[in-house]
Amino acid sequence: MRSNRFADGSEKHKYPYANFYKLTLVAGLLLSCRQQQAPVPEARTTPVRVATVELYTPAQGAAYSASILPKRQVNLAFKVNGFVEKLYQVRGANGRMHAVDIGDVVAQGTTLAQVRVQDYRLQVSQVQGQVQQATEAEQTASAQLAQAQAAALKAEQDFERADTLFKKTSLTKSDYDAAKANRDSTRAQVDAARSQQQASAGAMHASQAMLGTANLGLSDTSLTAPFMGSVVQRSIEVGSLAGPSLVAFVLADVSSVKATFAVSDIAVTHLKRGSPLVIYTEAFPNRRFQGVVSAIGAVADSSTRSFQVEVTIPNKNGMLRPGMIASLEIGESPESRPVMVAPLNAIVRAANDTNQFAVVAVMSGIARRRPVTLGSTYGDRIAVSGVEAGEKIVSQGATFVSDGDAVTVIP
C-alpha cells in the first residue's frame, strides 16, 4: 500500500496545490483591504475671498476722493535767448512794489518779463539797411529793364523797315545786317536785364522776410500772460539768462477748478455730463461747493480698470486752490433710508444676460449666482436688491467661478 507520508513522517496533502491557492487568496484579501483604506482624493475647489452684505444708512451720498486742478495751466518761456532786464512789478500787502511772484494774480496781456532788447533792435536796424539796399537795387534793375525793353522795341522797328527796304533792293546788305545785329543785341540785353531784375526782386523779398523775422524776435523779447491767472512758479531773476529751454513762469487759471476722480465701470453708468454734484474739502469741512460733471472718460485705465471723471466747480472767490483734496457725493440720498450694500468688486455680469448684474453667494462651500438690481454708489460700495443682510458673497474671484462650483474661502 502506497504511503501518504513524507520522509520526515508528515502526511502528504491530498491536493498538492492547496497551499498555493490559500496564499493567493490571503494576498488578494490584504490588497483589497488596503485599497478600501486608501483616502479618496478631494474634489478641486476655487479659492475666493468673501464679503458680507450689509445694511447701510447713507448720510448724504457716496463720497469719492478727488484732486483739485486749475481750469487751465501753462508753462511760459521766452522764444529767444537773452538776459532778463525787467520783471513785472506788483504792489504787495505792505504797500511796497516787488517783482511778480508765486500767488500774484496778473491780467491777460500783462508783460511778465523782458530780456535785453538792444541786440534785437540792432539786428532789426541791420536788416532794415539790407532791405533798403535790396529795394534800391531792385528799382535800378527795373529801370534798366525798362530801358532795355525800349531799346529793343526801337531796334525791332528799325529792323522791320530795313527788311522791307532790303526786299525792295533799296537797302544795302551791310545796312540790313547791321539792323539785324542791333535787333538781336537789344533782345539779349532785355533778357539780361530781366534776369537781373528778377534776382534783385528775390533779394528784396528775402531781406523783407529777414526783417519780419527780426521784428518777430524783437517782439519775443517780452513774455506776456495769455490769460488772467495766478502765478504758480517763477524761475527767473533780473540778470539771469532765459531762453526757450527754460520755463520762466507757470500760470494757472483758477477762475474755475476741476475735481478729477476715478470710478468703476458700475458707478460710471450712474453719471452723465451736466449732472450736479456736491463737493467738500478738508480745508472747508462745513462748506458745500456745487459742481457739474464736465467730462467722463470714454475708455477705462488699463491698469486700474477705472474711468476718469471730471467735475467743474466755479471758483470766483478763489477759495479752492489746486492741490487741495476734495470729496464728492454721488447718488444723493436726502431721506437717508437704509439700503443693502455690497462691494463694487463683488458685482459681476449675469451669466444669461450681459445687461443684467449678479453676485456670487457662498452657501456651505458652494457658489450660487444670484441676480441683483443695482442702486446708488456709496464710495466703494453699491446698493443692491436681491440679497439679504449677512449673506456671504464673493468679493475677489467671482469671475472665475460658475453656479454650483465648490469654493474655499480664504482670508
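Hi everyone, let's start with the overall make-up: this chain has four helices and 23 strands. Please keep in mind that we are looking at a predicted model.

A few totals before we zoom in. The chain has 411 residues, and 34% of them are buried. Its accessible surface is about 25400 Å², and carbon and sulfur atoms hold 54% of that. Now look at the contacts between residues with a separation of 6 or more: 75% of those join residues 24 or more positions apart.

Let's turn to the strands. As a general reminder, strands of a sheet pair through backbone hydrogen bonds, either parallel or antiparallel.

Find strand β15, residues 307–314. Which strands does β15 pair with? One of them is β12, residues 249–263, which runs antiparallel to β15 and is joined to it by eight bridges. Along that pairing, you can spot Thr260 opposite Glu310 of β15. Another is β14, residues 289–296, again antiparallel to β15, this time over four bridges. Here Val292 sits opposite Thr312 of β15.

While you have β15 on screen, which of its residues make up the covered face, and which the uncovered one? Phe307, Val309, Val311 and Ile313 form the covered face. Gln308, Glu310, Thr312 and Pro314 form the uncovered face. So that you can place the two pairs I just mentioned: Glu310, the one opposite Thr260, and Thr312, the one opposite Val292, both belong to the uncovered face.

Next, a sheet of four strands. This one is open, its order is β9-β8-β4-β11, and the pairing is antiparallel. At the edges are β9, residues 222–224, and β11, residues 241–242, each of them pairing on one side only. The partner of β11 is β4, residues 82–87, with two bridges in the antiparallel sense. To find the place, look for Gly82, which stands opposite Ala242 in β11.

My last stop is a single residue, Pro338. You'll find Pro338 in the loop between β16, residues 325–330, and β17, residues 339–343. Is Pro338 buried, partly exposed or exposed? Pro338 counts as partly exposed because its relative accessibility is 49%, and the partly exposed class runs from 20% to 50%.

And what does Pro338 touch, leaving aside neighbours within four places in sequence? Pro338 is in contact with Leu55, Tyr56 and Thr57. Thr57 is 281 residues away from Pro338 along the chain, and yet their C-alpha atoms are separated by 4.2 Å.

That's my tour, thanks for listening!

Definitions and conventions: Residues numbered from 1 in each chain as written. Predicted model: local features only at pLDDT ≥ 70, side-chain atom pairs only at ≥ 80, totals over all residues. Heavy atoms only, no water. Buried < 20%, exposed > 50% of the residue type's maximum accessible area, 1.4 Å probe, protein only. Contact = heavy atoms within 4.5 Å. Pairing = 2+ DSSP bridges. Areas by Shrake-Rupley, 256 points an atom, 1.4 Å probe, with all protein chains shown as cover.
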